[in-house]
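Q: I should like a close look at a single part of this structure. Please give one connected account that starts from one residue and works outwards.

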Amino acid sequence: MARAKRELLNADGSSRGYYSEDNRVNDLTGREWVFWTRSVITKPYPPNLQHALRNRHGGQKPPDLCADLLRVFTKSGQRVLDPFMGVGGTLIGAARSGRAAVGVEVNPQWVEIYREVCAREGITEEEAIVGDSRVVLPGLSGRAFDCVLTDVPYWSMDTVSRSRGTYKKVGSAARPARASKLSPFQAGSFASKAEWLKRMAEIFGLAAGLLKPSGYLLTFIGDMYRDNEYHCLSAELAAVLAGIPGLVWKASLVWYDVSKKLHLYGYQYSYIPSLIHQNILVFRKET
């Protein structure tokens, strides 16, 4: 027998729509649920919450985007795990959406930035552990999480320049290609893409083992263009995650990052895409 529905109101008294007590996934009303089933996220996220400080990590994601994702895939008060926390976008998003979180990060510099952001913004710190997830996650075996939300370290995108050759504007001298702001997960860790995928399988396997049944695992992953070839890393990583027992691929969302700047790649000689989107792979742990 279906349970009751009740109208939820915003702080200003306007209606959010009707929430069903049968909703086992999140705290959204039907109206809000429909909005977030769109496969492309075009909502703009301002550079807030000490963006300049967090942006020292070139792969940081907007905490408010992380908060929105957690509102879709968890309920208030539930627990979230981020095995590659970086400067803490997931942890800040959890705090801002009424969830608890644990983050693991191999680089202590990024954890210190996360803590500094929390101090400046008056945000309660979530649990941040400095260490390699391959070592840390087995030690969390007595704890269970309702969701995994993370952004993976990249194969070799973090050590190569964003484009080959030089840049040149009319009337100015040519200058070297810009180096990526992404930092390496561990210096020399991944000799090849295959090795990177193997490492991701290992760590996501451990994370999935901590995920409750019916819980969702989400990861940001951008494709890349390198050495005159497009690498669909999202598809390759998805294939790896689909091979982890219990995980079922449910969706591939596209986050259109409206803040991305366009650059003149390959003009007059070859088409090279300006990658202004990130993929968000969505998996569910099913028995």
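Where is Pro62 found? Please continue from there to the neighbouring elements.

A: In this predicted model, Pro62 is found in the loop that lies between helix H2 (51-54) and helix H3. The relative accessibility of Pro62 is 14%, and the residue therefore counts as buried, the cut-off being under 20%. When residues up to four places away in sequence are left aside, Pro62 touches Tyr45 and Trp255. A further relation links Pro62 with Pro44: the two are 18 residues apart in sequence, and their C-alpha atoms are 9.9 Å apart in space.

The contact with Trp255 leads to the sheet. Trp255 belongs to strand E13, where it stands opposite Ile41. Strand E3 (40-41) and strand E13 (residues 247-256) pair in the parallel sense, over 2 bridges. On pairing with E14, by contrast, E13 runs in the antiparallel sense, over 9 bridges; Ala251 has Val282 in E14 as its bridge partner. These strands belong to an open sheet of 8 strands with mixed pairing, in the order E3-E13-E14-E10-E7-E4-E5-E6. E3 and strand E6 (127-130) are its edge strands, each of them pairing on one side only.

Two helices may be placed against this sheet. Helix H4 packs on it and touches strand E4 (79-82), strand E5 (100-105), E6 and strand E7 (145-151). The direction of H4 makes about 170° with that of E5. Helix H8 (residues 233-242) lies across strand E10 (211-221), E13 and strand E14 (277-285), and runs at about 10° to E14.

Returning to the loop that holds Pro62, one comes next to H3, since that loop lies between H2 and H3. H3 is largely enclosed by the rest of the structure, because 10 of its 11 residues are buried. The buried residues are Pro63, Asp64, Leu65, Cys66, Ala67, Asp68, Leu69, Leu70, Val72 and Phe73.

H3 also has a helix as a packing partner. Two packed helices are described by the angle between their axes and the distance between the axes. Helix H3 (residues 63-73) and helix H4 (residues 89-96) pack at an angle of about 60°, and their axes are 7 Å apart. The two helices are therefore oblique to each other, and H3 passes H4 in a right-handed crossing. From H3, the residues in this contact are Pro63, Asp64, Cys66, Ala67, Leu70 and Arg71; from H4, they are Gly89, Thr90, Ile92, Gly93, Ala94 and Arg96. By class, the contact comprises 6 nonpolar, 3 polar and 3 charged residues. Several of the H3 residues that meet H4, including Pro63, Asp64, Cys66, Ala67 and Leu70, are also listed among the buried residues of H3.

A last group of contacts concerns helix H5 (residues 108-121), in which Ile113 is found. Ile113 has a relative accessible area of 7% and is therefore buried. Not counting residues up to four places away in sequence, Ile113 touches Leu53, Arg54, Arg56 and Val87. Ile113 and Val87 are 26 residues apart along the chain, and a separation of 6.0 Å is computed between their C-alpha atoms.

Definitions and conventions:
Residues are numbered from 1 along each chain as its sequence is written. This is a predicted model: local features need pLDDT of at least 70, side-chain atom pairs count only at pLDDT 80 or more; totals for chains, interfaces and linings use all residues. Side-chain values use heavy atoms; hydrogens and water are left out. Axes are lines fitted to C-alpha atoms, for helices over the stretch in contact, and angles run from 0 to 180 degrees between N-to-C directions. Helices (H or I, at least four residues) and strands (E, at least two) are DSSP runs, numbered from the N terminus. Angles under 35 degrees count as roughly parallel, over 145 as roughly antiparallel, 65 to 115 as roughly perpendicular and the rest as oblique. A crossing is left-handed if the near helix is turned anticlockwise from the far one by less than a right angle, and right-handed if clockwise. Contact means heavy atoms within 4.5 Å. Ala, Val, Leu, Ile, Met, Phe, Trp, Tyr, Cys and Pro count as nonpolar, Asp, Glu, Lys and Arg as charged, and the others, Gly among them, as polar. Buried means under 20% relative accessible area, exposed over 50%, partly exposed in between (1.4 Å probe, protein chains only). Two strands pair if DSSP finds at least two bridges between them.
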